[in-house]
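Reader: Hi! Could you walk me through this one before I head back to the bench?
Author: Happy to, here it is.

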Amino acid sequence: MRLSGWIFIILSWGMIIALIVFCLIKIFTKKELK
Amino acid sequence: MAVAGSAIGLGNFLRFPAKAASNGGGAFMIPYFVSLFLLGIPLMWIEWTLGRYGGGFEHGTAPGIFHSIWKKNRFIKYFGVIGIFGPLVILIYYTYIEAWTLAYSFFALTGKYASLTDQASMQSFLRGFQGIEVNQFFNGIGTAYTFFLLTFIANIWVIYYGIKGGIEKLCKIAMPVLFIFGIFLAIRVMTLGTPDPAKPAWNVLNGFGFLWNADFSALFSAKVWLEAAGQIFFTLSVGIGVILTYASYLSKGDDVVLSGLTASGTNEFAEVILGSSIIIPAAFVFFGPESMQSIAKSGVFNLGFVTMPLVLNKLPWAALFGFMWFFLLFLAGVTSSVSLAQPAVAFLEDEFDISRKKAVKILAVALFILCQPAIFFLKNGVVDELDFWGGTFFLVFFAAIETILFAWIFGMEKAWDEIHKGADMRVPKVYKFIIKYITPLFLFFILVMWLWQEWIPIIFMKNVIAPNKIFVLCTRVGLVIIFAVLAILVKISWGKKKAQEENLR
């Protein structure tokens, strides 16, 4: 795999994992508030 | 959970890796993420909000929801018919494809295709199964039809028990199982290494490289941008009408901002992380770089039912992995097809005041009849035709209507307040501008470009061979009849309501 492949895989996967983690944090903090 | 279940399906595991590999690899992710943030996520929020708003007026489908938004316009409810027609048309052929996944999980377990080692024989196996040819594997369409009946009964059974009893329960079991299966298979592929030491270049890292190495020249092609936008549409199930129906069951206090974002995130995880880690890297390892271009461009069906069984055959415990893979796709298919049935059922329930169980019975009879041409005339292009109108053309058209209604007729200020009712987090303010201007312009651009580049030859049947033209024409007549029947039902229902209102006065 070339450098561009590594960059795109890390950025894409990273962005999606960050989105999931963000949503999970929001869901759990919302539950605590209730 | 149900929306995520509806969005996760064949598109994630087969369509995405094939599109990415043949449209610039890693560079495809630039138009893909641009489309996700400018088109996919805004449309998710629009549909969730419109659905919940319409639910407040006891409307669970697009005709009623559109009418609630623009009461003065007596024609807008007929545009809403697309929100029932589209999913119904997709459901007609999707049920049959879903049945193939169930059949292949059974074939994997019983070793029916275990001895096949090349693309030609597996292709022949698939054609025999579909009833396109009689060969040493199948002597007719009987097997495929049996699996269709089993799938049909399973789907109707889940729909019959409704959102809470059927779909939610199914998603609660199927979704985690699906993710665990997906992660398990992805890890198995990642640990394949170099199975044939005589071919050191055929290794899993190069397989990932085939999918992710960037070809930046692809960014200058309009086709690549359209493919990325199309993938976002298919994968998130936006522009179909399904999300509107699910969201209509929400209450004012439910958070549509977070729900829309979470459904998108879950779907993207299944697609970009799991979808990119299974079929393309595995096919590269076993078939090598020379075969990969043709494999990636062979279409979703060939990838799923020809290449993938061959790849699975080469893994240790092939029967188990084969069963797991196809059963995973079957579960994903059930959640998607059950969702596709929701708008039609909700329409009968809401607008004609009939019970859910009675509505499901009516749908089951109609759907069973409508599925038959897709099964028996598959080789004559009926499924392709249904997919074009139900799964492509009307998707973009419907999304464009929704966006204009939401941002321009309902009004952006009111729409912004409606999005945030019950929401903990605020949508970034830039999305006010994106939803009002960028998303509709982007949709308009896609509509014009697709019409110009791809749709005109399809509409004029330029690629249809002469003997199939009559089948394609009959399919179109059938589609017009379905649309007309739905439009007449809308007219009858509104007529009844008007008469009731006048009687009350």
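**Overall shape and contacts**

Author: This is a predicted model. A compact globule of 505 residues would have a radius of gyration near 23 Å, and chain B has 23 Å, so the two agree.

Reader: Thanks! What does chain B span along its principal axes?
Author: Its C-alpha trace spans about 85 × 50 × 45 Å.

Reader: And how many helices and strands does chain B have?
Author: Chain B has 21 helices and zero strands. Of its contacts with a separation of 6 or more, 83% are between residues 24 or more positions apart.

Reader: How much of chain B is buried?
Author: In chain B, 52% of the 505 residues count as buried. The largest nonpolar core has 169 residues, and among those with the most contacts inside it are B:W45, B:Y93 and B:W325.

Reader: Nice. Which residues does B:W325 touch, beyond its neighbours within four places in sequence?
Author: Those are B:L185, B:M308 and B:L312.

Reader: Switching over, what about chain A?
Author: Chain A has one helix and zero strands. Of its 34 residues, 15% count as buried.

Reader: How many residues of each chain are in contact with the other?
Author: On the chain B side there are 19, in contact with 15 residues of chain A. The elements of chain B giving two or more residues to that side are α10 (204–212) and α13 (256–274). The largest share, eight residues, comes from α13(B).

Reader: What classes of residue are on that side of chain B?
Author: The side of chain B that touches chain A has 11 nonpolar, six polar and two charged residues.

Notes: Residues are numbered from 1 along each chain as its sequence is written. Chains are lettered from A and ligands numbered from 1 in the order in which they are written. This is a predicted model: local features need pLDDT of at least 70, side-chain atom pairs count only at pLDDT 80 or more; totals for chains, interfaces and linings use all residues. Two residues are in contact if their C-beta atoms, placed from the backbone, lie within 7 Å. Helices (H or I, at least four residues) and strands (E, at least two) are DSSP runs, numbered from the N terminus. Ala, Val, Leu, Ile, Met, Phe, Trp, Tyr, Cys and Pro count as nonpolar, Asp, Glu, Lys and Arg as charged, and the others, Gly among them, as polar. A residue is buried if 20 or more other C-beta atoms lie within 10 Å of its own, exposed if 12 or fewer, and partly exposed in between; C-beta atoms are placed from the backbone. A nonpolar core is a set of buried Ala, Val, Leu, Ile, Met, Phe, Trp, Tyr and Cys residues joined through C-beta atoms within 7 Å. The radius of gyration is taken over C-alpha atoms; the globule rule is 2.2 Å times the number of residues to the power 0.38.
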